[in-house]
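Please walk me through the charged side chains of this protein and how they pair.

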Amino acid sequence: TTNREPQQVARHDRTRWMVDETVGFAKRHAGQPWLVNLWLDDFHTPYRPMTGKDDRDFSARYRDVLTETDRQMGRLLDGLRALGAETNTLVLLAGDNGPEPSLNRTRTGGMRGMKWSLYEGGLRTPLLTRWPGVIPAGIVSHADAAHFDIFSTILDAAGVPVPAKNGAHPIRG
């Protein structure tokens, strides 16, 4: 048995639970502006896939966790579509730092460094955006941006003036 508080969710089930909570929030606030900051953590160690096969090697567990995360993100996007919120919702998927371990740089696109490092492999992370009707599908940009630029971009997308003192600028392809 696992000693867990009643409100705690099993590690392998967290992303499903977070997506359920997010879609529930969107339903409760349909018809009004809202922001959800959803921090998925399944792809942080330790990897606990739904399969429950923790005796497998790192790569297999990691692959299973990514597959489940992809499935849950699909559920989130389906939930937005079902609410009619797909075209007026900006979805950003971003990492907070590089991976750990880098698996011989395969997880950093060949860049040196990883999580806890100031080399590019520890600082550069992908940013995926989705906003049907606003951001064209299939566009790849190599714009350099920092997380504070994302805040300015969200303000700009919402029609809120970006404070001049901020020093950051909205990301534009």
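**Charged pairs and one unpaired lysine**

A convenient place to begin is helix H2, residues 58–82, which holds both Glu-68 and Arg-71. The two are 3 residues apart, about one turn of the helix. In this predicted model, Glu-68 and Arg-71 form a salt bridge, with 3.1 Å between the closest N and O atoms. The two partners are set differently against the surface: Glu-68 counts as buried because its relative accessibility is 13%, under the 20% cut-off. Arg-71, in turn, is partly exposed, with a relative accessible area of 46%.

Side chains of opposite charge can pair when their charged atoms come close. The structure holds 8 salt bridges, and the one between Glu-68 and Arg-71 stays within a single helix.

Glu-86 comes next. Its side chain meets that of Arg-81 in a salt bridge, at 3.3 Å from N to O. Glu-86 also forms a salt bridge with Arg-130, where the closest N and O atoms are 2.9 Å apart. This second pair links distant parts of the chain, since Glu-86 sits in the loop between H2 and S1 while Arg-130 belongs to strand S2, residues 127–130. In sequence, Glu-86 and Arg-130 are 44 residues apart.

How accessible are the residues in these two pairs? Glu-86 has a relative accessibility of 17% and therefore counts as buried. Arg-81 is partly exposed, at 41% relative accessible area. Arg-130 is also partly exposed, with a value of 28%.

Elsewhere, salt bridges with shared partners join Asp-13, Arg-16, Asp-20 and Arg-75 into one network.

The last stop is a charged residue without such a partner. Lys-115 lies in the loop between strand S1 (91–94) and helix H3 (120–123). Lys-115 is buried, yet it has no salt bridge. The nearest side chain of opposite charge is that of Glu-100, 4.6 Å away. A salt bridge needs the nitrogen and the carboxyl oxygen within 4 Å, so Glu-100 does not qualify as a partner of Lys-115 at that distance.

What surrounds Lys-115? Leaving aside residues up to four places away in sequence, Lys-115 touches His-44, Asn-97, Gly-98, Pro-99, Glu-100 and Gly-122. Glu-100 thus appears in the list of contacts, although Lys-115 has no salt bridge.

Definitions and conventions. Residues are numbered from 1 along each chain as its sequence is written. This is a predicted model: local features need pLDDT of at least 70, side-chain atom pairs count only at pLDDT 80 or more; totals for chains, interfaces and linings use all residues. Side-chain values use heavy atoms; hydrogens and water are left out. Helices (H or I, at least four residues) and strands (E, at least two) are DSSP runs, numbered from the N terminus. Buried means under 20% relative accessible area, exposed over 50%, partly exposed in between (1.4 Å probe, protein chains only). Lys and Arg count as positive and Asp and Glu as negative; His and the chain ends are not counted. Contact means heavy atoms within 4.5 Å.
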